[in-house]
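Colleague: I have some questions about how the labels on this model were assigned. Take me through them one by one.

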Amino acid sequence: MKYLGLSILVALLVINLALFAFRPLGDSFYVIADVWVAALAIMATLAGFFAFKIHGFKSEQGKAMLFIAVGTAFWTLGEITWGVLEIFTDFKPVVSIADIFWYAGYAFFIAGMFFICKLSSSKLGRKKWILLSVVIAIAVVSIFLIAPFAADTETPLLEKAASAGYIAEDMFLLISMAFGLTYLWDSKFIKPWSVIFFALMLSTCADIIYSYILGSYETGNIIDILWNMDYILMATGFIYNRVVITRLFEAAQQAGASAMGKKQDKK
């Protein structure tokens, strides 16, 4: 099962790279690019809710998983909306209803990180100084990245706000992930959640590049590879999380059965 999951992951990554290398349909490649990213986003969303199902809403991890799955669902709505507008109407506005869905997704991701932090009851200790340094670094980088948009007098205000807004939300998301990663550091769940965090970091990198090439961006641009990998790895992280939880449940059941057997033997 382990090798099957790894094989599927590698296959999806290879297909993702091959599509952008060979660009089938030529000038109409954007159709394939739109359908492909929507399919990957749907896959990630389904994986997120599948992972949530084993937790339920009573646990902190279940709440975190639900909010992040819902955030992924909003991003999926953004991908589908953009694809429909581009393929069926040839309407490619800088700001569209798709951006509303993408923006909404961030709120759920950040809420999910809040519940991830609640998973650990231990104090940060010395790690708080590392966390503080990371937060300050992200804040400084945010100012550096957003400043050019504030100083730009030629770009329309709505376009500037959209570009700077994505960077600002990505920076808030990075800060919340820094908190989540710090609290999870010694946890059994650090590996699956790290895959999800890394996926979101790829999305952040793509968003930053997109903000700076907004005027020349077209679907099928090489940065789409990063957004696609984001969804592939998020789906992987969700499934990995469910596998880890399943194994912990099975281990607990076996330990409980073993303890019960010992009590019966004593009787």
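Colleague: How much space lies in the largest pocket, and what makes it a pocket?

Modeller: About 730 Å³ of space lies in the largest pocket of this predicted model. On a 1 Å grid over the protein atoms alone, a pocket is an open set of points with protein on both sides within 12 Å along at least five of seven lines; in a cavity, a 1.4 Å probe fits but cannot get out. The volume is the space filled by probe spheres set on the points, which are joined across faces, edges and corners.

Colleague: Which residues line the largest pocket nearest its centre?

Modeller: G5, L6, T236, I239 and Y240 lie nearest the centre, out of 20 lining residues. A lining residue has an atom within 4 Å of a point. The elements giving two or more residues are α1 (2–22), α2 (29–55) and α8 (224–266). The largest share, 8 residues, comes from α8. Helices are DSSP runs of H or I, at least four residues, numbered from the N terminus.

Colleague: How does the lining divide by residue type?

Modeller: It holds 15 nonpolar, 2 polar and 3 charged residues. Ala, Val, Leu, Ile, Met, Phe, Trp, Tyr, Cys and Pro count as nonpolar; Asp, Glu, Lys and Arg as charged; the others, Gly among them, as polar.

Colleague: Why is C117 called buried or exposed?

Modeller: C117 has 15% relative accessibility, so it counts as buried (under 20% relative accessible area; exposed is over 50%, partly exposed in between; 1.4 Å probe, protein chains only). C205, at 41%, is therefore partly exposed.

Colleague: How many disulfides are there?

Modeller: The search of the whole structure finds 0. A disulfide needs a pair of cysteine sulfur atoms within 2.5 Å.

Colleague: How do you know that the span of helix α4 agrees with its length?

Modeller: The expected span is 1.5 Å times one less than the number of residues. For the 21 residues of α4 (residues 97–117) that gives 30 Å; the end C-alpha atoms are 32 Å apart, which agrees.

Colleague: What is notable about phi of R23 and L25?

Modeller: Phi is near 45° in R23, a positive value in a residue other than glycine. L25 also has a positive phi, near 75°. R23 lies in the loop between α1 and α2, and so does L25. R23 is partly exposed at 35%; L25 is exposed at 57%.

Colleague: Which elements have the lowest and highest mean pLDDT?

Modeller: Helix α5 (residues 127–151) has the lowest, 74, and α2 the highest, 96. pLDDT is the predictor's confidence in each residue, from 0 to 100.

Colleague: What ground rules apply?

Modeller: Residues are numbered from 1 along each chain as its sequence is written, and side-chain values use heavy atoms, leaving out hydrogens and water. In this predicted model, local features need pLDDT of at least 70 and side-chain atom pairs count only at pLDDT 80 or more, while totals for chains, interfaces and linings use all residues.
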